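Reader: Could you zoom in on one spot where charged side chains pair up, and take me through it slowly? I'd like to know who pairs with whom, and how buried or exposed the partners are.

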Amino acid sequence: MSGRTEGGAVERQPWRLAFLAPALAALFPTPALAHASDRGHVLLLPTGYYIAGGALAVAVSFLVLALLPPAALDNFWRKRLQLFAFGDHPRIIVSLISFAGFALLIAAGVFGSRDPLSNPLPLVIWTLLWAGFTLLQGVLGDLWAWLNPWYGPWRIASRIFGLDAREAKPSRLPSWFGYWSAFVLFFAFAWFELIDPAPDDPARLAFAAGPYWLVSFAAMLAFGYEDWSRRGEFLSVFFSMVARFAPVERLEGRLSLCWPGAKLLAAEPLPLSGIAFLLLALSSVSFDGLSKTFFWLGLFGVNPLEYPGRTALIGVGSFGLVLTFILLAAVFALAVRLGQRLAGDKHSFAEAAGLLVWSIVPIALAYHIAHYLTVLLVDGQYALVALSDPFALGWNLFGTANMMIEAGIVAGAQSAWWLWNLQAGVIIAGHVLAVLVAHGLAWRLYRQPSRAALSQLPLTLLMIAYTIFGLWLLATPTAG
């Protein structure tokens, strides 16, 4: 299996739960575990043609949209195919099952194998949940509202303590609170995944995930489940934003199909904290790809052929994570401001930025899929094996404990060809859809087609540049 190793342990490539990362780093010294299942070969493909083609596809999309009648686009986004209706009653049962599974995973993390490729806790959280479930959210809608491990226990506790009536009262979270809690937790999450020396250690992860569940549950009891899951708990916030892209919509208990991204056009403008949250979601996965490139390491005098490991690069990595977010936020703000100037906009900058930032969702989802595709394909197999024997006792609960791992699915020239083409296609498609969504959002701000098109010119240039950057990340050599 291709991968990167540090301290004798195989590295893996997901984002990490970083809620208590700095404290845990000091209190629980462990072997330096990191990622696995990253690409282990240099892709010798005609990347120049892909980069030129991707940039051209985004540019042509903008030109076509600028020439189309707004009424045609509006009718396109409004189309719905009605399916069927169902109630919320099974939601409590599904959530309670999810909670029971989470508790079992925490126990496996504490008492099971210390090998992150044999213990189901890191494999389920990093591979099945973070790498795989995000994709499902973007395709099937808000499954997390049913599967999260808080809703069922909260419903039981709210009835025991008589908290049901309080949920209907006005929000107990002040308006200034915004999404700042989710933003801080998400930043810690990214720091743990990218910077911490041992994010895959099962016991370490259990001591982070378990207390995080308890703290979040207490916050839901104090502020209400809806308020905290909508603005405070970062996984719920991220998954709900991703689900807005999905072509599956549920309103008043009825399912319907819509065009991918259609629900983003009906979103309300985000406050500054929500803007920061979405930009962090994109910048962190971008830095994940950048941090091991020969280019990045060369900037700090690190020989990529003698990769020193994550422990030696904590300072460099922390600086890079912050810098990537600041640069993306600054460029996005500049693009929105220039667009306002070109269109002669009278809306406030906060309103325009808070609305147009929703066009980041297709790009963030595309980068997530492309970045974690190899992780899902290989570590997903390890997860199936580990789930059959969660405590390394020789069990075979699901008949998959002796399954052979086909790591060759991501190795070799043929695999490199189809993987790279799939990843490149996802990135290009994500940017094209982002241009489409941004144009629809601009129409809400400017009712004149010419002004809407002018306002999107700087943002389109940013998306073209990001397309080039994303395709370059896929093809450039990496260390480790």
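Author: Quick bit of vocabulary: a helix here is a DSSP run of H or I, at least four residues long, numbered from the N terminus. Keep in mind that this is a predicted model. The chain has 18 helices and 5 strands, and the spot I'd pick is helix α10, residues 225-231.

Start with E226 and R230, whose side chains form a salt bridge at 3.5 Å, N to O. They sit 4 residues apart in α10, about one turn of the helix. R230 also has a salt bridge to D227, with the closest N and O atoms 3.8 Å apart. That pair lies in α10 too, 3 residues apart, again about one turn. Since the bridges share partners, E226, D227 and R230 end up in one network.

Now for the burial. D227 has 13% relative accessibility, so it counts as buried, the cut-off being under 20%. E226, at 33% relative accessible area, falls between 20% and 50% and is therefore partly exposed. R230 is partly exposed as well, because its value is 45%. So the bridge from R230 to D227 joins a partly exposed residue to a buried one.

For context, the structure holds 5 salt bridges. Another of them links R204 to D196, with 3.0 Å between the closest N and O atoms, and there both partners are buried. Across the chain, buried residues make up 55% of the 480.

Notes: Residues are numbered from 1 along each chain as its sequence is written. This is a predicted model: local features need pLDDT of at least 70, side-chain atom pairs count only at pLDDT 80 or more; totals for chains, interfaces and linings use all residues. Side-chain values use heavy atoms; hydrogens and water are left out. Helices (H or I, at least four residues) and strands (E, at least two) are DSSP runs, numbered from the N terminus. Buried means under 20% relative accessible area, exposed over 50%, partly exposed in between (1.4 Å probe, protein chains only). A salt bridge is a side-chain nitrogen of Lys or Arg within 4 Å of a carboxyl oxygen of Asp or Glu.
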